[in-house]
Structures are given as structure tokens and as C-alpha cells.
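Here is a walk through one small model, from its overall build down to individual side-chain pairs. Keep the viewer open while you read.

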Amino acid sequence: MTEEKSDKKIHLPVTGMVCDGCVTSVKDALESVAGGVKKADVSLEKKEAEVTYDPAQATKEKLKKAVKNAGYDVRD
């Protein structure tokens with residue numbers, strides 16, 4: 001997928017990740033946000049997710065909710 005000019009990039013500090021399985025769960029949760037997420041890179045080391053998304057289809061709140069539904073939390 002290519003990045004469009006209208007796409008936004010956000011860093012979400014994720015708490016609760018302790019292993020590579022956690023990283024996969026968070027990545028899958030973010031990428032499941034309907035049509036809005038173009039790319040999600042999750043780092044266990046940095047305890048954060050970098051998400052490229054279409055703000056017309058996804059919001060920071062939707063991204064945070066997806067992470068929380070996967071069993072993790074996002075610090076503000």
C-alpha cells in the first residue's frame with residue numbers, strides 16, 4: 001500500500017506488551033480497523049505502535065479502542 005498525502009502517522013505508546021505474540025496481537029488489532037489503517041509497525045522494545053492511517057476512515061479513538069479490545073492499553 002502506498003502512502004497518500006491525506007494519510008496521517010501517529011505514535012501510540014502501548015502498555016502491557018511483554019513478548020512477540022503481544023506485538024502480533026496489537027499489529028493485527030490495529031490493521032483490523034475497517035479500511036482506515038494503511039500500515040502498523042509495533043515495537044516491543046519501544047513499547048509503541050507507529051500507525052499510518054486515513055483520517056477519513058479511522059480516528060485516534062478507534063485505534064486506541066482496537067488496542068484496548070486486544071487486551072492492551074494506550075497511554076495518553
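## Overall build

Of the 76 residues of the protein, 36% count as buried, where buried means under 20% relative accessible area, exposed means over 50%, and partly exposed covers what lies in between (1.4 Å probe, protein chains only). This is a predicted model, so local features need pLDDT of at least 70 and side-chain atom pairs count only at pLDDT 80 or more, while totals for chains, interfaces and linings use all residues. Residues are numbered from 1 along each chain as its sequence is written, and side-chain values use heavy atoms, with hydrogens and water left out.

How does the radius of gyration fit a compact globule of 76 residues? Such a globule would come out near 11 Å, and the protein has 11 Å, so the two agree. That radius is taken over C-alpha atoms, and the globule rule is 2.2 Å times the number of residues to the power 0.38. Along the principal axes, the C-alpha trace spans about 35 × 20 × 20 Å. The accessible surface comes to about 4700 Å², and carbon and sulfur atoms own 47% of that; the areas come from the Shrake-Rupley method with a 1.4 Å probe, and for residues only the protein chains shown count as cover.

## Strands and helices

Reading along the sequence, you get β-α-β-β-α-β, which comes to two helices and four strands. These are DSSP runs numbered from the N terminus: helices are H or I with at least four residues, strands are E with at least two.

Which strands pair up with β3? β1 does, running antiparallel to β3 with six bridges, and β2 is also antiparallel to β3, again with six bridges. Two strands pair if DSSP finds at least two bridges between them. If you want to check the register, K8 has Y53 as its bridge partner in β3, K9 has T52, and A40 has V51. β1 also pairs with strand β4 (residues 73-74), antiparallel and through two bridges; there, T15 is matched with D73.

## A positive phi in the hairpin

β2 and β3 make a hairpin with four residues between them. K47 sits in that loop, between β2 (37-43) and β3, and has a phi near 55°, a positive value in a residue other than glycine. Why flag it? Most residues other than glycine have a negative phi. As for burial, K47 is partly exposed, at 34% relative accessibility.

## The nonpolar core

The largest nonpolar core has 22 residues, and M17, V26, L30, V51 and L63 touch the most other members. A core here is a set of buried Ala, Val, Leu, Ile, Met, Phe, Trp, Tyr and Cys residues joined through side-chain atoms within 4.5 Å. At least two residues come from each of β1, α1, β2, β3 and α2 (60-69), with α1 giving the largest share, five residues.

L30 is a good residue to click on. Leaving out residues up to four places away in sequence, L30 touches L12, V37, A40, V42, A49, V51, L63 and V67, a contact being heavy atoms within 4.5 Å. Across the protein, among contacts between residues at least 6 apart in sequence, 60% join residues at least 24 apart.

## Salt bridges

How many salt bridges does a search of the whole structure find? Six, each one a side-chain nitrogen of Lys or Arg within 4 Å of a carboxyl oxygen of Asp or Glu. One of them joins K9 and E50, at 3.9 Å from N to O. This pair links distant parts of the chain, with K9 in strand β1 (residues 8-15) and E50 in strand β3 (residues 48-53), 41 residues apart. K9 is partly exposed at 48% relative accessible area, and E50 is partly exposed at 24%.

Another joins E31 and K27, at 3.1 Å from N to O. Because they are four residues apart in helix α1 (residues 20-31), about one helical turn separates them. E31 is partly exposed at 38%, as is K27 at 28%. K68 also bridges to D73, with the closest N and O atoms 3.6 Å apart; K68 is partly exposed at 44%, and D73 at 36%.
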